[in-house]
Amino acid sequence: MRISATQRTENENRIRAAMDRLLRGEIPPGGKCDIKTLANEAAVDRTAFYGTHPYGHLRVEFERRLRALQDAGEIPDPREAQIARLKAENAKLKARIAQSDETIDELTDFRSQSLARLAAQHEEIVRLREASAGTTQVRRLPAPRTTVIGTCS
């Protein structure tokens with residue numbers, strides 16, 4: 001069915017108005033920032049945006065403007081923005097988990113080394129005590145007093 005020039009101009013104006021709304025982030029419920037939603041908002045058949053149909057140039061313009069917004073870091077579709085935000089947050093949390101795992105491994109190794117050193121020091125102390133028990137040149141110090149006279153302050 002052929003449309004008149006005035007109908008085509010009205011359709012283009014509706015499409016441009018819907019395009020502006022979508023790119024400002026005014027997405028209708030259940031819609032996205034895409035050609036299908038653009039066609040629904042402008043009350044135009046979606047196939048008119050493809051191939052040699054009359055509104056193909058508006059589809060190209062819409063996609064160009066959408067890509068320019070995305071390149072500038074703005075995402076008009078709140079769901080797409082949420083997905084991007086959640087992906088970034090997920091990557092950050094994965095990095096934190098990897099760092100935590102690395103720290104845990106380092107601390108576990110440190111704990112093992114510390115326990116091994118303490119065991120070796122204990123063995124050395126026991127060996128030295130046994131060696132000193134047989135010699136008479138080493139004197140034992142008297143045990144500390146257990147009674148306190150006066151205040152310590």
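With which side chain does the side chain of N11 make a polar contact? Keep that question in mind while you select N11 in this predicted model, and begin the tour there.

**First stop: N11 in helix α1**

Colour helix α1, which covers residues 5-23, and find N11 within this helix. N11 has a relative accessible area of 13%, and because values under 20% count as buried, N11 is classed as buried. Now show the side chain of Y55 as well, since this is the partner asked about at the start: the side chains of N11 and Y55 make a polar contact at 3.0 Å. If you leave aside residues up to four places away in sequence, the residues that N11 touches are I3, V44 and Y55.

**Second stop: helix α2 and what covers it**

Next, select residues 35-42, which form helix α2, and look for I35, T37, L38, A39 and A42, which are buried. Add α1 (5-23) and α3 (56-71) to the display, as both are among the elements that cover the buried residues of α2. Then step just past the end of α2 to A43, where the backbone takes a positive phi of about 60°.

**Third stop: the salt bridges**

The structure holds nine salt bridges, and a few of them are worth selecting one by one. Start with R21 and E41, which form a salt bridge whose closest N and O atoms are 3.4 Å apart. This pair links distant parts of the chain, for R21 belongs to helix α1 and E41 to helix α2, with their positions 20 residues apart. R21 is partly exposed at 26% relative accessibility, and E41 is also partly exposed, with a relative accessible area of 33%.

Move on to R24 and E26, whose side chains meet in a salt bridge at 3.1 Å from N to O. Here R24 counts as exposed, with 54% relative accessibility, whereas E26 is partly exposed at 42%.

Now go to helix α3 and select R59 and E63, whose side chains meet in a salt bridge at 3.3 Å, N to O. Both residues lie in α3, four residues apart, which is about one turn of the helix. Is R59 buried or exposed? R59 is buried, with a relative accessible area of 19%, while its partner E63 is partly exposed at 30%. Before you leave the salt bridges, select R16, D20, E61 and R65 together, because salt bridges that share partners join these four residues into one network.

**Last stop: where the two domains meet**

Finally, zoom out and colour the chain by domain, with domain 1 at residues 5-76 and domain 2 at residues 77-132. The C-alpha centres of these two domains lie 53 Å apart, and the contact between them takes six residues from domain 1 and six residues from domain 2. About 470 Å² is buried between the domains, and carbon and sulfur atoms give 57% of this area. To see where domain 1 contributes, select K32, I75 and P76, which supply 68% of the area that domain 1 buries against domain 2, more than any other three residues.

How many salt bridges does the rule find across the interface of domain 1 and domain 2? The number is zero, and the count of residue pairs in polar contact between the two domains, with both residues at pLDDT 80 or more, is likewise zero. On the side of domain 1 that touches domain 2, the residues fall into four nonpolar, one polar and one charged.

Key:
Residues numbered from 1 in each chain as written. Predicted model: local features only at pLDDT ≥ 70, side-chain atom pairs only at ≥ 80, totals over all residues. Heavy atoms only, no water. Domains from an automatic or database assignment. Contact = heavy atoms within 4.5 Å. Buried area = accessible area lost by both parts, 1.4 Å probe. Polar contact = N/O pair within 3.5 Å; in protein donor to acceptor, adjacent residues only side chain to side chain. Nonpolar A, V, L, I, M, F, W, Y, C, P; charged D, E, K, R; others polar. Buried < 20%, exposed > 50% of the residue type's maximum accessible area, 1.4 Å probe, protein only. Helix = DSSP H or I, 4+ residues; strand = E, 2+ residues; numbered from the N terminus.
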